[in-house]
Amino acid sequence: MNGIVAVVGRPNVGKSTVFNRLVGKKISIIEDTPGVTRDRIYGDVVYNDYKFHLIDTGGIDVSKELFNDEIKIQANIAIDESDIVVFIVDGKEGLNQNDYVIRDILKKSGKKVIVAVNKIDNPKRFDNIYEYYELGFDNIIPISGEHNIGIGELLDEITADFKKVEETDVDDDRIKFCIIGRPNVGKSSLVNALLNEEKAIVSNIAGTTRDAVDTPFTYEKKEYVAIDTAGIRKSGRIYENIEKYSVLRAMKAIERSNVCVIVINAEEGIIEHDKHIAGYALESGKAMVLVVNKWDTVQDKNDIKTFTKLIKEEFKFLSYVPIVFLSAKTKKRIHTLMPEINKVYENSKKEIKTSLLNDVIRDAVLLNAPPSYKGRRLKIYFTSQTGTMPPKFTFNVNSKGLVHFSYERYLVNQLRKEFGLVGTPIRMIAREKIEKNEKSNTK
Ligand code: GDP
Ligand code: GDP
């Protein structure tokens, strides 16, 4: 990922239209996963070799009681949280006072700003854009969100300074884990409790990035970095506790981590927003641990069963993720967390011997043959592991069209069970064997 791009603008200029245009209608895996819900305001954009997150700040509900100037708050969120701002103005109506309010805020930020003059539905109207230079920004692009005009140019400009997506920190052996969750679930308390454990030796002063506090430490001779998203609080920011906004922090931290520790609050149970955050962790392909914090507030200790059941229902898509019940406040069972982080990390890196892998697949197929479809049946010729973090398996099959979701899930579950792949997502890719050219194919 190359960071976060925010779409800002006064109401009705076409932010949502442009957002949808940029994100496109691509179907992500996550939408097919039962129980995963997504926030409409966040999307991932893949363009050429670049990938970035897009936020529609207009979709962030800001309680009127807290603040009555939504535009200002949106612009501030965009400035604080994004790397590039796409400032949308209305090419039909022209500029008005609210555009200048946003302009002033953006100007002060020093961020890269691209002005997209929207509703230029006809290239003849390209001439209309000159008045917009008055805003004082150099990057001005005429577009039409509705008619898909200028979107490629906008994407070129957004990605102009991006680095190509590449593996980050490949030489870094440290286990980097982020602590994510909604506001007040106890993320900071948990990090503090962990670092204060006897076994934890904090190596040096915490490094601070714009979005999180990174604390390197050693725990039983292994090196870790704790990424605490709640660690930096810009005091006085009204949107600090806006739940939708907390997702942004989580998204950025997830990217820099190998393991996501998703914290929920036993006192309050699971709410929709917990699922949004967990959904992003899942989509990232990172290993995961679920922490039920504030367990001290739960009186009846039999509730572990009830709570586990609830979690399995509410987070169906995380059924393979270990759950830790603890209290950051009383430190009860705090020592059970690091071993789980370790375990899921090791699992996500696991490399499985090809012969063993094929044995397991063969047995799985014998046990439960693929269903036939229109007289044809899926055949799996050969399976190999083609990636780690998360483990990725490529199946050579007779026809990709015969791979059904439920059968794929069955195979993934078998692999998970046989190789103990707890806590890590598993990716599966079907590849069609080219039978005709098989002999001439030297590879
Ligand atoms: P937002 O409030 O900024 O998110 O704006 P919306 O995306 O909801 O769009 C506001 C209105 O402008 C809607 O009626 C859209 O159909 C319209 N609109 C958006 N993009 C274009 C465009 O490129 N051309 C024209 N003519 N109308 C557009
Ligand atoms: P964050 O916003 O997720 O970082 O949450 P904080 O760590 O700031 O904690 C939010 C509130 O929950 C604070 O008042 C903490 O004292 C409290 N808290 C955190 N962990 C626990 C816990 O294990 N038990 C109880 N009872 N309270 C906790």
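Trainee: What makes helix H6 (residues 187-195) count as largely enclosed by the rest of the structure?

Mentor: Remember that we are looking at a predicted model. A residue is called buried when its relative accessible area is under 20%. In H6, 7 of the 9 residues are buried, so the helix is largely enclosed by the rest of the structure.

Trainee: Which residues of H6 are the buried ones?

Mentor: They are Lys187, Ser188, Leu190, Val191, Ala193, Leu194 and Leu195. For the wider setting, the protein chain has 443 residues and 52% of them count as buried. Its secondary structure comes to 12 helices and 19 strands.

Trainee: Leucine 337 touches two residues of that list. Why is leucine 337 called buried or exposed?

Mentor: Set the value against the cut-off: buried needs under 20%, and leucine 337 has a relative accessible area of 0%, so leucine 337 is buried. Leucine 337 lies in helix H10 (residues 337-349). Setting aside residues up to four places away in sequence, leucine 337 touches Leu190, Leu194, Val261, Val289, Val291, Val324 and Leu326. Its C-alpha is 9.3 Å from that of valine 261, although 76 residues separate the two in sequence.

Trainee: How many of the chain's contacts join residues at least 24 apart?

Mentor: Among contacts between residues at least 6 apart in sequence, 73% join residues at least 24 apart. Isoleucine 143 and valine 18 are an example of residues that are far along the chain from each other: 125 residues apart in sequence, with 9.0 Å between their C-alpha atoms.

Trainee: What can you tell me about the place and burial of isoleucine 143?

Mentor: Isoleucine 143 is in the loop between S6 and H5. Its relative accessible area is 0%, which puts isoleucine 143 among the buried residues. Its contacts beyond four places in sequence include Val18, Ala116, Ile151 and Leu154.

Trainee: How do you know which word describes the angle between helices H1 and H5?

Mentor: Two packed helices are described by the angle between their axes and the distance between the axes. Here H1 (residues 15-23) and H5 (residues 151-159) pack at about 80 degrees, with axes 11 Å apart. Angles of 65 to 115 degrees count as roughly perpendicular, and H1 and H5 are therefore roughly perpendicular to each other.

Trainee: What residues meet there?

Mentor: On the H1 side they are Val18, Arg21 and Leu22, and on the H5 side Ile151, Leu154 and Leu155. By class, this contact has 5 nonpolar residues, no polar ones and 1 charged residue.

Trainee: Let's turn to rings. How many aromatic pairs are there in the whole structure?

Mentor: A search finds 13 aromatic pairs. In one of them, phenylalanine 87 and phenylalanine 137 have ring centres 6.3 Å apart and planes at 85 degrees. A pair needs centres within 6.5 Å, and planes over 60 degrees apart count as edge-to-face, so this pair is edge-to-face.

Trainee: What makes this pair a link between distant parts of the chain?

Mentor: Phenylalanine 87 is in strand S4 (residues 84-90), while phenylalanine 137 is in the loop between strand S5 (112-118) and strand S6 (140-142), 50 residues apart. Both phenylalanine 87 and phenylalanine 137 are buried. Phenylalanine 307 and phenylalanine 325 also form an edge-to-face pair, at 6.3 Å and 90 degrees.

Trainee: What sits over the ring of phenylalanine 137?

Mentor: The charged end of lysine 107 does, 4.6 Å from the ring centre. Likewise, the charged end of arginine 416 sits over the ring of tyrosine 320, 3.7 Å from its centre.

Trainee: Why does asparagine 48 count as buried or exposed?

Mentor: Exposed means over 50%, and asparagine 48 reaches 58% relative accessibility, so asparagine 48 counts as exposed. Its phi is near 50 degrees, a positive value in a residue other than glycine. Asparagine 48 is in the loop between strand S2 (42-47) and strand S3 (50-56).

Trainee: And which label suits arginine 333, with a relative accessible area of 29%?

Mentor: Partly exposed covers values between 20% and 50%, so at 29% arginine 333 is partly exposed. Arginine 333 has a positive phi too, of about 60 degrees, and is found in the loop between S14 and H10.

Terms used: Residues numbered from 1 in each chain as written. Chains lettered and ligands numbered in written order. Predicted model: local features only at pLDDT ≥ 70, side-chain atom pairs only at ≥ 80, totals over all residues. Heavy atoms only, no water. Axes fitted to C-alpha atoms, helices over the stretch in contact; angles between N-to-C directions. Helix = DSSP H or I, 4+ residues; strand = E, 2+ residues; numbered from the N terminus. Parallel < 35°, antiparallel > 145°, perpendicular 65-115°, else oblique. Contact = heavy atoms within 4.5 Å. Nonpolar A, V, L, I, M, F, W, Y, C, P; charged D, E, K, R; others polar. Buried < 20%, exposed > 50% of the residue type's maximum accessible area, 1.4 Å probe, protein only. Phe/Tyr/Trp six-rings, centres within 6.5 Å; stacked < 30°, edge-to-face > 60°. Lys NZ or Arg CZ within 6 Å of the ring centre and 35° of its normal.
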